[in-house]
There are 2 protein chains.
Amino acid sequence: MSRVSVKRKVLRENDRIAEELRARFRARNVLTLNLISSPGAGKTSLLEQTLRRFPAGRKTAVLTGDIETDNDAKRLEPFGFPVKQITTGGSCHLDAQMVERGLSSLGAEDVDVLFIENIGNLVCPASFDLGEACKIVVLSVAEGDDKPLKYPATFVRSALVVINKTDLLPYVSFDMSRARDNAKRVHPGVDIIEVSCTTGQGIDEWLRWIEKRLAAARKTAPAPKD
Amino acid sequence: MSRVSVKRKVLRENDRIAEELRARFRARNVLTLNLISSPGAGKTSLLEQTLRRFPAGRKTAVLTGDIETDNDAKRLEPFGFPVKQITTGGSCHLDAQMVERGLSSLGAEDVDVLFIENIGNLVCPASFDLGEACKIVVLSVAEGDDKPLKYPATFVRSALVVINKTDLLPYVSFDMSRARDNAKRVHPGVDIIEVSCTTGQGIDEWLRWIEKRLAAARKTAPAPKD
């Protein structure tokens, strides 16, 4: 079997498990968000800000992926929500089977929002459906405004670009309007939110975006069975 | 054939071409440096600083990889050295065959130093030998001091860590001594150089590191044939 056909088979098998996961999430009204970014763009910091400020009564859980270490889970556990670290031991992306196993050991599927924090990699995670409602790409201003053009697959498949570390704008050569144009060029319908996880700027807009997605998902969800 | 055995076969074939490249580089006394980093850590900026300040008479060439766009080649061409963009069209890493083809169309193998700028990805490029004398990992302080522990494979295989964007240190929570400790923990023998491609700080040390490597490579090179 050739390299290409093995890759296709792997992706087909991944898609099958991802569709099962998607059906499970829909049946339980779980909004699943798959966060993708380069290493150190601020996915964990965004989750810290989110868990800190989540509205009372909002149920959430986190699956957080890394190649090595459980540092991210340790950072997120103090907020009191269920968190499960998935350590891939070398794999450059999360796949649907890892999410399925992570969910079993998390034991917390009856939540409103499930965050999946992918491996820090702006390339490979985009190819693996995890059954999420949408992918979200986090881009740090320190990375440069050209990244949507250089890594288009991730931006095309994401519903939202979170442009993080806006507090660094005075110190880096990042042109915000060019970054927004580049993101819209590769994905005209994409939403864009500017945040700083250091100052908290823009986090309210991000929380409102999640609430809107929750409301939209509930409108289209099947009526609960008696 | 299973996924694992196909991957092994691909890596074996890559290693075979890489060894041929390595022999070619050695025979011609070319020091080949494979630059690896996350997207936006500053590989191209480091090359800009390098080409701008290279000692007179030092012959060099650049192969620069990206998934899409030839932006990096456009940034490097003005320095007057041969530059060839390799656009992978989706692949998350350069492989030895891409380098072989890039070299053919570059048409400039009689150089002292060949820089290969890999795809912006801190994971996958580490697995693919390109026939280089050494891998160099560029880490931006904006990414965080924990990255050596989270992406150990790249740090273990690199001879040098260039810690870039030190001009941002006052504005980010990056502990330099912790970063250095983490790098040494995963790779005790690794060299570390701190630079800022914005202010130029540390670039002289980086240039001296290259000159030292050049001198060492020449000492061990086979005597030229009459």
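Reader: At what relative accessibility does A:Glu20 count as partly exposed?
Author: The classes here are buried (under 20% relative accessible area), exposed (over 50%) and partly exposed (in between), with a 1.4 Å probe and protein chains only. A:Glu20 falls in the in-between class because its relative accessibility is 40%.

Reader: What kind of model is this, and how are residues numbered?
Author: Happy to set the scene: residues are numbered from 1 along each chain as its sequence is written, chains are lettered from A and ligands numbered from 1 in the order in which they are written, and side-chain values use heavy atoms, without hydrogens and water. Local features need pLDDT of at least 70 and side-chain atom pairs count only at pLDDT 80 or more, while totals for chains, interfaces and linings use all residues, as this is a predicted model.

Reader: Which residue forms a salt bridge with A:Glu20?
Author: A salt bridge needs a side-chain nitrogen of Lys or Arg within 4 Å of a carboxyl oxygen of Asp or Glu. The partner lies 4 residues away in helix H1 (residues 3-27) of chain A, so about one helical turn separates the two; helices (H or I, at least four residues) and strands (E, at least two) are DSSP runs, numbered from the N terminus. This partner is partly exposed at 43%. With the closest N and O atoms 2.8 Å apart, the partner is A:Arg16.

Reader: How many residues apart are A:Arg180 and A:Glu194?
Author: These two form a salt bridge, with 2.6 Å between the closest N and O atoms. A:Arg180 sits in helix H7 (residues 176-186) and A:Glu194 in strand E7 (residues 191-194) of chain A, so the pair links distant parts of the chain, at a separation of 14 residues.

Reader: Is B:Asp112 buried or exposed?
Author: B:Asp112 forms a salt bridge with B:Arg218, the closest N and O atoms being 2.9 Å apart. B:Asp112 is in the loop between helix H4 (96-106) and strand E4 (113-120), B:Arg218 in helix H8 (residues 203-220), 106 residues away. B:Arg218 is partly exposed at 36%. With a relative accessible area of 10%, B:Asp112 is buried.

Reader: Which residues are linked in a network of salt bridges?
Author: Over all chains, the structure holds 38 salt bridges. One network links A:Asp66, A:Asp72, B:Asp146, B:Lys147 and B:Lys150.

Reader: Which residues touch the most other members of the largest nonpolar core?
Author: A nonpolar core is a set of buried Ala, Val, Leu, Ile, Met, Phe, Trp, Tyr and Cys residues joined through side-chain atoms within 4.5 Å. The largest one has 82 residues, and those touching the most other members are A:Leu114, A:Val161, B:Leu114 and B:Val161.
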